[in-house]
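Open the model in your viewer and keep the sequence panel visible. The stops below each give something to select and say what is there.

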Amino acid sequence: MSSLTTPITLLSAVGATGASPAVQVDPGQPAFLQVSGITSATVALQGSLDGTNWSTIGTALTANGIITIANAPTYLRANCTVYVTGTITAKIIY
């Protein structure tokens, strides 16, 4: 199930708050979320064991950057929780 060579776009040039569709990943494996296009916004990497109940993993980004986790849960998504300006793109590799 790993996509360690091909990033998957979760958010593509969004200009509003909202969560991306979830991706099912290999539990216990590393994952990397790269976010770009933030001018004034907050994007969180969120994880879930069941695809229904979500929690933020690590610190949400308020500037372009990468969130790295060593042991992913079963599902991951990007969530733009605050939006003021920017055109936000989020890509994941797991």
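**Stop 1: Ala-31**

Select Ala-31, which lies in strand β4. The model is a predicted one. Is Ala-31 buried or exposed? With a relative accessibility of 1%, Ala-31 counts as buried. Now show what surrounds it. Beyond the neighbours within four places in sequence, Ala-31 is in contact with Ile-67, Thr-68, Ile-69, Ala-72, Leu-76, Ile-93 and Tyr-94. Draw a C-alpha to C-alpha distance from Ala-31 to Leu-76: the viewer should give 9.0 Å, for two residues that are 45 apart in sequence.

**Stop 2: the whole chain**

Zoom out and colour by secondary structure. The chain has seven strands and zero helices, so the pattern read along the sequence is β-β-β-β-β-β-β. With a radius of gyration of 12 Å, close to the 12 Å that the globule rule gives for 94 residues, the chain is as compact as a globular protein of that length. The C-alpha trace spans about 35 × 30 × 20 Å along its principal axes.

Switch on the surface. About 4700 Å² is exposed by the chain, and carbon and sulfur atoms supply 52% of that area. Of the 94 residues, 38% are buried. Contacts reach far along the sequence: among those between residues at least 6 apart, 79% join residues at least 24 apart.

**Stop 3: the nonpolar core**

Hide the surface and select Leu-33, Val-35, Val-43, Leu-76, Ile-88 and Ile-92. These touch the most other members of the largest nonpolar core, which has 23 residues. Strands β1 (8-14), β4, β5 (55-61), β6 (65-69) and β7 (75-93) each supply at least two residues of this core. Which strand gives the most? That is β4, with seven residues.

Centre on Ile-88. Not counting residues up to four places away in sequence, Ile-88 touches Leu-11, Ser-12, Ala-13, Val-14, Val-35, Ser-36, Gly-37, Ile-38, Ala-41, Val-43, Cys-80 and Tyr-83.

**Stop 4: Ala-13**

One of the residues that Ile-88 touches is Ala-13, so select that next. Ala-13 belongs to strand β1 and is partly exposed, at a relative accessible area of 46%. Check its backbone angles: Ala-13 has a positive phi of about 55 degrees although it is not a glycine. Most residues other than glycine have a negative phi.

**Stop 5: the β4-β5 hairpin**

Return to β4 and add β5. The two strands run antiparallel and are joined by four bridges. For one pairing, pick Leu-45; its bridge partner in β5 is Ile-57. Together β4 and β5 form a hairpin with six residues between them. In the turn, select Gly-51, which has a positive phi of about 80 degrees.

**Stop 6: Gln-46**

Finish at Gln-46, in strand β4 (residues 31-48). Gln-46 is buried, with a relative accessible area of 8%. What do the side chains of Gln-46 and Arg-77 share? A polar contact of 2.7 Å joins them. Another polar contact, of 3.2 Å, links the side chain of Gln-46 to that of Asn-79. Show the rest of the surroundings: leaving aside neighbours within four places in sequence, the contacts of Gln-46 are Trp-54, Ser-55, Thr-56, Ile-57, Tyr-75, Leu-76, Arg-77 and Asn-79. Among them, Ile-57 is the bridge partner of Leu-45, and Leu-76 is also in contact with Ala-31, where the tour began.

Note on methods. Residues numbered from 1 in each chain as written. Predicted model: local features only at pLDDT ≥ 70, side-chain atom pairs only at ≥ 80, totals over all residues. Heavy atoms only, no water. Buried < 20%, exposed > 50% of the residue type's maximum accessible area, 1.4 Å probe, protein only. Polar contact = N/O pair within 3.5 Å; in protein donor to acceptor, adjacent residues only side chain to side chain. Contact = heavy atoms within 4.5 Å. Core = buried A, V, L, I, M, F, W, Y, C linked by side-chain atoms within 4.5 Å. Rg over C-alpha atoms; globule rule 2.2 N^0.38 Å. Areas by Shrake-Rupley, 256 points an atom, 1.4 Å probe, with all protein chains shown as cover. Pairing = 2+ DSSP bridges.
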